[in-house]
Amino acid sequence: QVAFVESGGDLVQPGGSLRLSCAASGSPLDKYAIAWFRRAPGKEREGVACISSNGGGTRYAESAKGRFTISRDMKSKTVYLEMNDLNPEDTGVYFCAAGYRFLSYMCYVAKSTGYEYWGQGTQVTVSA
């Protein structure tokens, strides 16, 4: 099993940047596909970015492409989400999640099915 603690959420102005961290405990990261999801106020939870268990595959939601970058540090067992050019629509609680049933090169953000382990989330607020 794996457990997560997210951090890095903050209040930031439009156009600003944040780096979210997802610190894992338990099994090594290379056993899991890991994704970042977010839940905006009044909206359904949506996938933002993911990275495959072998680290070679990443996927991004259309809204995140070109602005967000997911990465991981195997030694510290931490997954990062670098977010640039933030806008108010990026406001929400950001969660990291892991699934172990994915093929080693696969992950997806279109749905949350398959991600069994979830963190508690970290709040990101983009406002002037």
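**Group meeting: side-chain pairs and cores in a predicted model**

Asp 90 is buried, with a relative accessible area of 1%. I start there, and I should say at once that this is a predicted model.

What does Asp 90 pair with? Its side chain meets that of Arg 67 in a salt bridge, at 2.7 Å from N to O. The two residues come from distant parts of the chain, 23 residues apart. Arg 67 is in the loop between strand E6, residues 58–60, and strand E7, residues 68–73. Asp 90 is in the loop between strand E8, residues 78–83, and E9. Arg 67 also counts as buried, at 13% relative accessibility.

In general, side chains of opposite charge can pair when their charged atoms come close. Over the whole structure, the search finds 5 salt bridges. One of them joins Glu 46 to Arg 38, where the closest N and O atoms are 2.7 Å apart. Are these two buried or exposed? Arg 38 counts as buried at 5% relative accessibility, while Glu 46 counts as partly exposed at 31%. Arg 38 and Glu 46 are linked with Arg 67 and Asp 90 in a network of salt bridges.

Another salt bridge is between Lys 65 and Glu 62, at 2.6 Å from N to O. Here Lys 65 is partly exposed, with a relative accessible area of 45%. Glu 62 counts as exposed, because its relative accessibility is 63% and the cut-off for exposed is over 50%.

Next, the aromatic rings. A pair of aromatic rings is described by the distance of the centres and the angle of the planes. The structure holds 6 aromatic pairs. Take Phe 37 and Tyr 115: their ring centres are 5.4 Å apart and their planes are at 75°, so this pair is edge-to-face. The pair links distant parts of the chain, with the two positions 78 residues apart in numbering. Phe 37 belongs to strand E4, residues 33–39. Tyr 115 lies in the loop between strand E9, residues 92–99, and strand E10, residues 117–118. Both residues are buried: Phe 37 has a relative accessible area of 2%, and Tyr 115 has 4%.

Phe 37 also pairs with Trp 118, and that pair is tilted, at 5.0 Å centre to centre and 50° between the planes. Again distant parts of the chain are linked, Phe 37 in strand E4 and Trp 118 in strand E10, 81 residues apart. Trp 118 is partly exposed, with a relative accessible area of 26%.

Which residues make up the aromatic cluster? Phe 37, Phe 102, Tyr 108, Tyr 115 and Trp 118 form one cluster. Two of these rings have a charge over them. The charged end of Arg 45 sits over the ring of Phe 37, 6.0 Å from its centre. The charged end of Lys 111 sits over the ring of Tyr 108, 5.3 Å from its centre.

Now the nonpolar cores. In soluble globular proteins, nonpolar side chains tend to be buried together. The largest nonpolar core here has 28 residues, and the ones that touch the most other members are Phe 4, Trp 36, Phe 68, Leu 81, Met 83 and Tyr 94. Several strands each supply at least two residues of this core, among them strand E1 (2–7), strand E5 (45–51) and strand E11 (122–126). Which strand gives the most? E3 does, with 4 residues.

Phe 4 can serve as an example. Leaving aside its neighbours within four places in sequence, Phe 4 is in contact with residues including Cys 22, Ile 34, Cys 96 and Trp 118. Apart from the largest core lies another, of 9 residues, among them Ala 35, Phe 37, Cys 107 and Val 109. Phe 37 therefore appears in this core as well as in the edge-to-face pair with Tyr 115.

Last, one hairpin. E7 and E8 run antiparallel and are joined by 6 bridges. Asp 73 has Thr 78 in E8 as its bridge partner. There are 4 residues between the strands of this hairpin, and Lys 77 takes a positive phi near 55°.

To look again at one residue, start from Phe 37: it is buried at 2%, belongs to the aromatic cluster, and has the charged end of Arg 45 over its ring.

Conventions:
Residues numbered from 1 in each chain as written. Predicted model: local features only at pLDDT ≥ 70, side-chain atom pairs only at ≥ 80, totals over all residues. Heavy atoms only, no water. Phe/Tyr/Trp six-rings, centres within 6.5 Å; stacked < 30°, edge-to-face > 60°. Buried < 20%, exposed > 50% of the residue type's maximum accessible area, 1.4 Å probe, protein only. Lys NZ or Arg CZ within 6 Å of the ring centre and 35° of its normal. Salt bridge = Lys/Arg side-chain N within 4 Å of Asp/Glu carboxyl O. Pairing = 2+ DSSP bridges. Core = buried A, V, L, I, M, F, W, Y, C linked by side-chain atoms within 4.5 Å. Contact = heavy atoms within 4.5 Å.
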